[in-house]
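The following numbered points are offered to a colleague who is meeting this structure for the first time. Please read them with the sequence and the model at hand.

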Amino acid sequence: MPIRAVFLTAIMIGLLAGSIAAGARWYAARGGEAGTNGAAPKPGSPAATAAAFAEAWASADYQALYLLLSPAAQRTYPYDAFAEAYRAFAEQLTTTGTAVRVADVDSASARFQVRLETAYFGTLEYSTLVQLVPAPGRYLVDWRPEAIHPRLAGGHSFSSIIQRPIRGTIYDRNGAELAVTRELRYVGLNRSVVTDRPALEAALLAFGFSREQIEAAFASPAPANHRVRVGPIPEEKVELANQLLRPHQGIVIYVETQRVHPLGPAAAHVVGYTREYTAEELAARKGQGYRIGDRVGAAGLEAILEERLAGSIGAELRVIAPDGSVAEVLVSRPFRQGEDIRTTLDAATLRAAYERLGGRAGAAVVIDPATNDILALVSSPSFDPDAFERGDTAALAAITASPGAPLTNRATAGLYAPGSTFKLITGAAGMVALGLTPSDRLECGAIWAGVDPPRRNWEGAQGMLTIAEALMRSCNPVFYEIGLRLYNGFDDALAAMARQFGLGAPTGTIGLRDEAGLVPDAAWKRRTTGQPWYPGDEVNLAIGQGDLLVTPLQLANAYSTFVSGQLRTPRLLVGAEATPRGTLPLTPEQHAHLQRGLELVTGPAGTAAAAFALAGYTDFAGKSGTAEDANAQSHALFVAMTPAKAPRAIAVVVLDDGKSGSIEAGPIARDILLAAVR
């Protein structure tokens, strides 16, 4: 034999002996049976070969594995084909971890128990058998493909089909995108190859990036040869980026899939945003195809409709026959594409509401009373939802540090005393429970002495007024009197009427999480304070003060209930139902009288005349309100509707820190309505 051949043979025998010895140690450490006394398997024994085979397989050491094959097996299966068989198997099964244990072994064969952790098919367990053949001083494996998996016998193979869904798009009522997954271009840096930093920084500044963005990228704690983001490339500046930035060493222009919210802050609270799965969440979804960087809805519709928007990762593991047909399906997880969602929202109305609020703390809600569709739901101050999508740490820090709690959705979670906007409900209770008629008049004096101490009227004596005229002037004494009469004649009649308008309970809107608010009554007060319900409590309730709390969405739905005569669930999603939940007990005559009062509010003699009739806006109705919260901070409210007699839209505006509903909130509500019915 040539010297070189003898030398190579010696090396191979040495490697083989080392593998078998290591296998014996591994086998003994894992409790393998080596003999009657439980000692490590004897080197060169079938048990030692089996243990070495198991260890090499588990660690994907295909060279060590191949050395354990018999000469006949090696002639039949060259190393490249052998190793590729294991690699292809691991790839098709999306294997992330392999554990192999020797189950049984004798002089003729070894049986292995295999446990695979996979990315898409969960944990797979099976057993496989290999034949052993004696060789001088050892045993070797008479290997065939079914040693990897029994289903590989007879020329079969594995094939996997993986389908990853694209997150569904959220649309407004007219098809405008409110949330969409797009491929966006970004400028990044590879700092390890930057040769002229001053020139590169000058180019980035000239392109439009801020000094803060550039410095943050250069200061990134990531390794210098890792790509770090500078910022996005607007569509209209793609060519400029290629011309101005690409020539510089260290610039990386790349494409990344990202969730985008085209309306930005105008729809941030209702539409929401996504976030990355946490390590704990990924661990809980192990084997289902989720990867580091995958995202889940974090707020708004993105979170509430996560299952529909996200879809389902599809994974099917097949056994393929030699003729290419599917012989068997071992694992199947159905694929479901992310569902597109069409909402009742109107992009133009959302923008108008956001712009008219102008950053003031408060909220605006717009409802179409014919269908109870929500056209707009805006909270202010707001935030850029795409800062969460980009992982923009500077922008996120600014959001969380910003005064005014911009992440709070005041439209659904803000709780406010409704003030005089509640007087519509008090008037309804007076007509239904007390039998007050459109012609009945109550005194609107300068001082009302129905309870002690007496209470002043905010604008002095106005004479004898009908309920409609009392709404027009927002006369507290008239509604004090109605509240006192209800207290004296009935138990909780006013609270019951408020609940018939939908107050005191979540609206039930599919796609929203909203607060229940509070309609106080005798039982509630006794339960929470141990005190009785006094006349003053009912009088306070009659003008929308005291412990009464509503959300802007509830208030909008209450007025929609009045217009339609029926309490319904507001509708945010096309296809959902505005489920009826009750009918108001108002006669047509009573309804017409209260409606007339709302029209008078915006007329020449009404409290909102300056924002409506005197400004040339004549086909509106509404009600103003100014109230104090528990911290003695006043807030301003206005409910407006148009056209007055057959409203197509109702707008509620609440300003956290306002002095006059008519003067401050009224013009905002008016302008939002003009956008809604344009």
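1. Arginine 115 has glutamate 125 in β3 as its bridge partner. The model in which this pair is seen is a predicted one. The strands concerned, β2 and β3, run antiparallel and are joined by nine bridges. They form a hairpin with four residues between the strands, and glycine 122 in this hairpin takes a positive phi near 70°.

2. The next hairpin is that of β3 and β4, with two residues between them. Here too a glycine deserves notice: glycine 137, in the turn, has a positive phi of about 75°. Strand β3 (residues 123-135) runs antiparallel to β4, and five bridges join the two. Alanine 135 has arginine 138 in β4 as its bridge partner, while proline 134 stands opposite tyrosine 139 in β4. As a general remark on such strands, side chains in a regular strand alternate between the two faces of the sheet.

3. Both hairpins belong to an open sheet of four strands, whose order is β1-β2-β3-β4 and whose pairing is antiparallel. Which strands stand at the edges? They are β1 (95-105) and β4 (138-142); each has a single partner strand, so one side of each is left without a neighbour in the sheet. Neighbouring strands of this sheet are turned against each other by 35° on average, direction ignored.

4. A helix should be considered together with this sheet. Helix α2 (residues 46-58) packs on the sheet and touches β1, β2 (109-118), β3 and β4. The direction of α2 makes about 170° with that of β1.

5. A further open sheet consists of three strands in the order β5-β12-β13, with antiparallel pairing. Its edges are formed by β5 (157-163) and β13 (326-333); since each of these has a single partner strand, one side of each is left without a neighbour in the sheet. The twist from one strand to the next averages 20°.

6. Within that sheet, strand β12 (residues 314-320) pairs with β13 in the antiparallel sense, over six bridges. Isoleucine 320 stands opposite valine 326 in β13.

7. The packing of two helices may be examined next. How do the axes of α6 and α7 cross? Helix α6 (residues 197-207) and helix α7 (residues 211-218) have axes that come within 9 Å and cross at roughly 140°. That angle makes α6 oblique to α7, and the crossing is right-handed.

8. The contact between these helices can be described residue by residue. From α6, Arg197, Leu200, Glu201, Leu204 and Leu205 take part, and they meet Arg211, Ile214 and Phe218 in α7. By class, the contact has five nonpolar and three charged residues, with no polar residue.

9. A final point concerns covalent cross-linking. How many disulfides does the structure hold? It holds one disulfide, which joins cysteine 444 to cysteine 475 with an S to S distance of 2.0 Å. The pair links distant parts of the chain, 31 residues apart: cysteine 444 lies in strand β17 (residues 442-444), and cysteine 475 lies in the loop between α18 (467-473) and α19 (476-489). The torsion about the S-S bond of cysteine 444 and cysteine 475 is about 115°, and the disulfide is therefore right-handed.

Technical notes:
Residues numbered from 1 in each chain as written. Predicted model: local features only at pLDDT ≥ 70, side-chain atom pairs only at ≥ 80, totals over all residues. Heavy atoms only, no water. Axes fitted to C-alpha atoms, helices over the stretch in contact; angles between N-to-C directions. Parallel < 35°, antiparallel > 145°, perpendicular 65-115°, else oblique. Left-handed = near helix turned anticlockwise from the far one by under 90°. Contact = heavy atoms within 4.5 Å. Nonpolar A, V, L, I, M, F, W, Y, C, P; charged D, E, K, R; others polar. Pairing = 2+ DSSP bridges. Disulfide = S-S within 2.5 Å.
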